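Here is a short tour for someone meeting this structure for the first time. Keep the view open and follow along.

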Amino acid sequence: MIGLPALYALGGAIFAAFAIVGLAARRFGNAAFWGLLAVSFLLGDRLGDLANGGLALAMVALAGMGALKSAPVPTERPAQNYPSWKLFGPALLIPAGTLIGTLALRHMSIGGVSLVDPKQVTLVSLGLAVVVALAAAMVWLRAPAAAPAIEGARILDQVGWAAALPQMLAALGAVFALAGVGDTVGHALQPLLPEGSRLIGVIVYALGMALLTMALGNAFAAFPVMIAAVGLPVLIHAQHGDPAVVGAVGMLCGFCGTLLTPMAANFNLVPAALLGLDDRYAVIRAQAGTALPLLGVNIVILYWGAFR
Amino acid sequence: MFVLLGLGILVGGFLVRLNPLLVVAVAALATGVAAGLPLLKVVAAFGHAFNTNRYVTIPYIVLPGIGLIERAGLRERAGAMIARLKGASAGRLLIAYLAARQITAALGLTAIAGQAQTVRPLVAPMAEAAAARDTPPTEARRQLVRAFSAATDNVGVFFGEDIFLAMSSILLIRGILEGVGIVLEPLDLSLWAIPSAVAAFVIHGARLLLLDRRLRR
């Protein structure tokens with residue numbers, strides 16, 4: 001069964017190649033950072049929890065010391081003028097391949113065993129599409145063998161430490177859960193909730209989802225906290241709100257928060273780096289005008305929908 | 001109450017602009033220790049979750065392929081193609097992308113597009129080229145169009161994916177409510193994601209039309 005282990009091996013090999021490019025370019029901080037990530041991908045399941053923690057903290061130390069250089073290495077452009085299909089072909093093979101893979105691989109099995117881990121069909125399809133697109137590009141563009149690693153590292157160095165932030169935030173969420181942060185936030189919110197006020201309950205729940213998501217960078221981490229603190233006791237039990245609306249629209253209030261926070265690095269900081277924006281908060285600024293009115297609309301939907 | 005120290009560190013660390021990775025790690029260690037856990041146990045818990053969540057970093061595997069075709073001139077070609085298209089504007093192009101992204105995400109196909117695989121190599125250069133047809137591009141205008149390209153991808157995927165029944169957020173909501181004895185059908189949850197999805201399209205779409213007007217000034 002093809003699943004996450006195969007993807008991690010592919011990812012580890014790619015990050016290792018980026019580390020080698022960093023070494024060759026004498027960018028030792030970058031090489032160490034991507035090298036550690038490669039070790040995590042290739043050997044993480046064998047290292048044990050404490051060693052994985054040490055590895056993550058070593059990456060944090062490199063980033064904290066400012067050891068990563070972000071200025072892109074100048075690249076040599078081929079002089080050749082390629083026909084459009086040779087450029088767009090591989091670029092479209094990635095989404096098209098993922099789509100076809102997702103649809104085709106879901107039900108494929110050999111002797112009763114699924115060919116692909118049913119829970120990871122999309123990511124596995126993405127991995128396969130990436131390999132096929134890369135092979136096609138190599139052949140069609142007659143690129144030198146080292147070009148994919150050099151060009152990929154050029155983009156990833158631009159993203160820098162932010163590439164590892166989502167994974168670190170997931171780890172932070174686990175520590176928060178262990179320490180019982182959710183229950184404590186719930187207790188801290190109780191004085192804000194006057195008995196019997198439906199509207200105030202809805203507003204505390206919706207704004208709480210958005211604000212806690214902004215602090216944690218992830219609506220998935222905020223949801224269990226807010227549903228236990230406000231959603232369940234106040235909106236669903238005391239006020240008899242429709243749990244489907246409280247759950248679904250509450251999560252979407254959190255998504256409004258995701259649009260507003262630098263903690264959601266992969267959505268907000270990484271694109272600013274990928275697109276070479278001078279202001280690292282430019283994407284958040286572009287989103288604020290959508291996220292804030294949308295949060296208001298979600299509060300209205302929640303209020304009317306849950307108490308029809 | 002001490003365990004809320006971590007939230008304070010997160011907010012404070014950002015305000016004084018420390019490196020976010022550093023802020024997150026310090027917040028995690030401080031929270032664990034404040035809760036009375038031994039330091040090494042906190043590091044182990046951090047490492048365990050870091051390892052089990054590696055899949056969130058998987059999308060960067062597209063970079064070697066994307067970098068290779070960029071080197072061969074993909075971004076310039078994508079821009080040149082849009083520059084020849086009649087009636088194209090940055091706002092209209094991004095509205096079309098918003099609709100496509102919301103619809104495909106609603107069908108569960110969130111991974112077919114994204115910041116690294118479509119926005120940087122295709123959408124942003126196309127939107128920039130479309131904007132350059134109306135007005136001579138300044139660096140500030142170019143950066144604004146790029147920021148809106150990234151924003152449009154995020155809005156599209158966030159407010160489309162929850163309509164898909166098997167999306168992880170739907171499963172999370174269902175799982176948590178089931179844990180307290182409330183059994184919901186995924187369909188109930190995804191139907192209630194539709195009004196917000198429509199509102200997101202209307203609000204962000206209107207802002208993209210305003211972007212066109214702003215670019216023409």
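Start with a crossing in chain A. Helix 4 of chain A passes helix 5 of chain A in a right-handed crossing. The residues where they touch comprise 16 nonpolar, 7 polar and 1 charged. Helix 4 covers residues 84-105 and helix 5 covers residues 121-141; their axes lie 8 Å apart, at an angle of about 150°. Because of that angle, helix 4 of chain A counts as roughly antiparallel to helix 5 of chain A. Bear in mind that this is a predicted model.

**Chain A as a whole**

Chain A holds 13 helices and 2 strands. Its C-alpha trace spans about 70 × 50 × 40 Å along the principal axes. The chain has 308 residues, and 55% of them count as buried. Take the contacts in chain A with a separation of 6 or more: 73% of them join residues 24 or more positions apart.

One buried residue shows such a long-range pairing. A:F41 is found in helix 2 of chain A, residues 28-47. A:F41 has 24 other C-beta atoms within 10 Å, so it is buried. The C-alpha atoms of A:F41 and A:A9 are separated by 6.5 Å, although their positions lie 32 residues apart along the chain. Leaving out residues up to four places away in sequence, A:F41 touches A:Y8, A:G11, A:G12, A:F15 and B:R54. B:R54 belongs to the other chain, which is the next topic.

**Where the chains meet**

How many residues of chain B are in contact with chain A? There are 97, and they meet 110 residues of chain A. On the chain B side, helix 3 gives the most, with 11 residues. That side divides into 68 nonpolar, 20 polar and 9 charged residues.

Helix 3 of chain B also crosses helix 7 of chain A. The two axes come within 8 Å and cross at roughly 130°. That angle makes helix 7 of chain A oblique to helix 3 of chain B. The crossing is right-handed. From helix 7 of chain A come A:Q167, A:M168, A:A170, A:A171, A:A174, A:V175 and A:L178; they meet B:V42, B:A45, B:F46, B:A49 and B:F50 in helix 3 of chain B. By class, this contact has 11 nonpolar residues, 1 polar and no charged ones.

**Helix 2 of chain B**

Now look at helix 2 of chain B, residues 20-34. Its 15 residues should span 21 Å at 1.5 Å a residue, and its end C-alpha atoms are indeed 21 Å apart, so the two agree. Which of its residues are buried? They are B:P20, B:L21, B:V23, B:V24, B:A25, B:A27, B:A28, B:L29, B:T31 and B:G32. An α-helix has 3.6 residues a turn, so residues three or four places apart point the same way.

The buried residues of helix 2 of chain B pack against parts of both chains. In chain A, the partners are helix 3 (49-64), helix 7 (165-179), helix 8 (181-189) and helix 12 (265-274). In chain B, they are helix 1 (5-15) and helix 3 (39-52). Just after helix 2 of chain B, B:G36 takes a positive phi of about 90°.

Helix 9 of chain A, residues 198-216, offers a similar length check. It has 19 residues and reaches 27 Å from its first C-alpha to its last, close to the 27 Å expected at 1.5 Å a residue. A:G217 follows this helix, with a positive phi near 80°.

**Positive phi outside glycine**

Two residues that are not glycines also have positive phi. The table sets them side by side.

| Residue | Phi | Place | C-beta neighbours inside 10 Å |
|---|---|---|---|
| A:H240 | about 60° | loop between helix 10 (219-238) and helix 11 (243-258) of chain A | 11, exposed |
| B:R17 | about 60° | loop between helix 1 and helix 2 of chain B | 9, exposed |

**One last stop**

B:I103 sits in helix 6 of chain B, residues 90-106. Is B:I103 buried, exposed or partly exposed? With 15 C-beta neighbours inside 10 Å, B:I103 counts as partly exposed. B:F164 is 61 residues from B:I103 along the chain, and their C-alpha atoms are separated by 9.8 Å.

Notes: Residues numbered from 1 in each chain as written. Chains lettered and ligands numbered in written order. Predicted model: local features only at pLDDT ≥ 70, side-chain atom pairs only at ≥ 80, totals over all residues. Helix = DSSP H or I, 4+ residues; strand = E, 2+ residues; numbered from the N terminus. Expected span 1.5 Å × (residues − 1). Buried ≥ 20, exposed ≤ 12 C-beta atoms within 10 Å, placed from the backbone. Contact = placed C-beta atoms within 7 Å. Axes fitted to C-alpha atoms, helices over the stretch in contact; angles between N-to-C directions. Parallel < 35°, antiparallel > 145°, perpendicular 65-115°, else oblique. Left-handed = near helix turned anticlockwise from the far one by under 90°. Nonpolar A, V, L, I, M, F, W, Y, C, P; charged D, E, K, R; others polar.
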